[in-house]
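Hi everyone, thanks for coming. Please have a look at the sequence and the structure on the screen, and then I'll walk you through a few places in it.

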Amino acid sequence: MPSILLVEDDQMDIMNVQRELRKNNITVPLHIARNGREALNMLRGEADQTKIEHPSVVMLDINMPRMNGLELLEQLRSDPEFVNLNVFITTTSDLESERLKAQNLAVSGYIIKPLSFDSFGEGGTTVDGFSLFLDLLKMKE
């Protein structure tokens, strides 16, 4: 069954994602981790976390405490079990160095916050990531 793992420490950003998913009639389970370490524990079923099924997509914030998004991405890409996860980076920063590092770690897309999926597709702003995201998941009803 399709699901999304959102790795995000900002409550407003979490609520934005939930609202945008609802607006697009996406009703798949949304798992939320507050940092990279918590996300790894959920994926691996470690540190008293219930192991979640492989998510169809990981939406990953870069700037977080304990383990940031790029550190988590490095961990995922070096683990045979998670090397093929579809990961979309979400960030307020548009730093070229971060973008290059993310591309080198095989991200599926790069989304600049605040998150609004309305801007995707028209004129190809940052990434037409959301339509790709939907095609990828085939989640749209």
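Let's start with one residue: setting aside neighbours within four places in sequence, N41 is in contact with E46, A47 and Q49, where contact means heavy atoms within 4.5 Å. This is a predicted model, so local features need pLDDT of at least 70 and side-chain atom pairs count only at pLDDT 80 or more, while totals for chains, interfaces and linings use all residues. Residues are numbered from 1 along each chain as its sequence is written, and side-chain values use heavy atoms, with hydrogens and water left out.

Back to our residue. Is N41 buried or exposed? N41 has 10% relative accessibility, so N41 counts as buried; the word means under 20% relative accessible area, with exposed over 50% and partly exposed in between, using a 1.4 Å probe and protein chains only.

N41 sits in helix α2. Helices here are DSSP runs of H or I with at least four residues, strands are runs of E with at least two, and both are numbered from the N terminus.

Now, how do helices pack? Two packed helices are described by the angle between their axes and the distance between the axes. The axes are lines fitted to C-alpha atoms, for helices over the stretch in contact, and angles run from 0 to 180 degrees between N-to-C directions.

Take α2 (residues 36-44) and α3 (residues 69-77): their angle is about 25 degrees, and their axes lie 9 Å apart. They are therefore roughly parallel, a label for angles under 35 degrees (over 145 is roughly antiparallel, 65 to 115 roughly perpendicular, and the rest oblique). On the α2 side the contact is made by G36, A39, L40, L43 and R44, and on the α3 side by L72, Q75 and L76.

Next door in our tour, α3 packs with α4 (residues 96-104) at about 15 degrees, the axes being 10 Å apart. That makes α3 roughly parallel to α4 too. Here L70, L73 and E74 of α3 meet E98, K101 and A102 of α4.

Finally, how confident is the predictor? The score is pLDDT, given for each residue from 0 to 100. The chain has a mean pLDDT of 80, and 77% of its residues reach 70 or more. Among its elements, strand β2 (residues 30-33) has the highest mean, 96, and helix α5 (residues 129-137) the lowest, 60. Over residues 119-128 the pLDDT is below 50.

Methods. pLDDT = per-residue confidence, 0-100.
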